[in-house]
Amino acid sequence: KLDFAAKLARKMGAQITRERVQAVDGVNLDIMLGEVVGLVGESGCGKSTLGRMVCGILPQSSGNIYYKGKNVTEMTPKEHLDYAINVQMIFQDPFASLNPRKRVKSIIGEAPLYHGLTTAKELDGYLDGVMEQCGLDPSYKNRYPHQFSGGQRQRIGIARAMAVDPECLVCDESVAALDVSIQAQILNLFMDLREKHNLTCLFISHDLGVVEHISDRIAVMYLGRLVEIAKVDELFDAPFHPYTKALLAEVPRLDKRAVEFSALEGEIPSPLDPPSGCHFHPRCPYVMDVCREEVPLRREIAPGRYACCHLDS
Ligand code: SF4
Ligand code: MG
């Protein structure tokens with residue numbers, strides 16, 4: 001019997017035996033109200049699993065998720081509904097997440113109607129506001145998803161989430177499927193919405209370059225563990241963790257921060273059989289004996305800045 005995490009891992013290409021895959025391990029991450037945290041790492045490192053847990057789509061096997069100080073698993077039904085409305089997920093592939101047989105009007109309007117944020121009578125006006133805010137022409141609300149371009153479909157996905165006036169968005173590779181020019185437009189939309197609504201965001205991407213401009217802080221994940229958490233400028237100016245440096249080497253840059261680090265070699269190991277000690281040790285140019293034996297614990301290397309690495313700060 002496979003649990004959901006294992007099914008996800010299988011989709012990610014891992015081989016499943018009877019063991020459970022520990023996709024996310026000892027993650028400790030606070031996101032402040034109004035803050036945007038970029039979560040980066042190679043695909044298969046557990047970012048999506050963490051994002052789904054934050055949204056309550058995927059239960060965690062141990063540990064806790066707190067929303068506004070309340071443990072999600074101990075909430076009353078009313079509190080849980082409040083959490084479910086206020087923490088919305090935006091997926092990578094807008095087409096796959098939009099019902100092709102429904103008109104945009106019902107795709108976006110269903111949830112606010114259900115939760116009583118508007119009435120059937122006032123729905124059209126309500127949707128006009130939501131669609132305009134997301135850069136969609138409200139006169140298209142009777143169309144079907146296939147009548148829109150990829151970028152427009154992602155706007156529909158965003159409008160669907162924004163229609164319930166959430167406090168927090170979890171965006172999982174939300175621009176990864178789009179052309180670079182469209183990516184920039186959608187990122188700008190996120191920045192607009194964030195400012196207008198003081199949104200809190202967890203912005204998941206395999207690409208540090210994508211999260212750079214939108215994030216206040218960045219959390220770097222490797223094989224289910226957060227290896228570095230820092231303010232975006234600190235991370236780009238002086239990355240600490242060898243894995244962060246390797247990710248940074250892959251971001252094309254015009255300024256001085258360009259490639260002084262060597263890019264990653266080798267594949268990300270299977271989450272079923274992660275390397276001992278520091279998971280990154282087989283790929284790390286700075287590997288020491290201790291790295292193979294001991295898991296590096298999280299240290300505060302500067303105020304509010306964390307890393308898990310045996311190297312001296
Ligand atoms: Fe490299 Fe060791 Fe640091 Fe891991 S703990 S990143 S192997 S130096
Ligand atoms: Mg993913």
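**Helix α8, the ligand 1 shell and D124**

In helix α8, the residues I186, L187, L189, F190 and L193 are buried (20 or more other C-beta atoms within 10 Å of the residue's own, against 12 or fewer for exposed and a count in between for partly exposed, with C-beta atoms placed from the backbone). These buried residues lie on the same side of α8 because they cover an arc of only 155° around the axis, the arc being that of the directions from the helix axis to the C-beta atoms. The model is predicted, local features need pLDDT of at least 70, side-chain atom pairs count only at pLDDT 80 or more, and totals for chains, interfaces and linings use all residues. Residues are numbered from 1 along each chain as its sequence is written, while chains are lettered from A and ligands numbered from 1 in the order in which they are written.

Helix α8 comprises residues 180-197, helices being DSSP runs (H or I, at least four residues) numbered from the N terminus. From first to last C-alpha, α8 reaches 26 Å, close to the 26 Å expected (1.5 Å times one less than its number of residues). Its buried residues pack against α7 (150-162), with contact taken as C-beta atoms within 7 Å. The face turned away from the buried side carries the exposed residues V180, S181, E195 and K196. N198, which follows α8, has a positive phi, near 50°.

Ligand 1 is surrounded by 14 residues, of which C278, H281, C284, C291 and C309 are the closest; a residue is near a molecule if its C-beta atom lies within 6 Å of it. Elsewhere, D124 is found in helix α6 (residues 123-133). D124 counts as partly exposed because it has 13 C-beta neighbours inside 10 Å.

Conventions:
Helices (H or I, at least four residues) and strands (E, at least two) are DSSP runs, numbered from the N terminus. Two residues are in contact if their C-beta atoms, placed from the backbone, lie within 7 Å.
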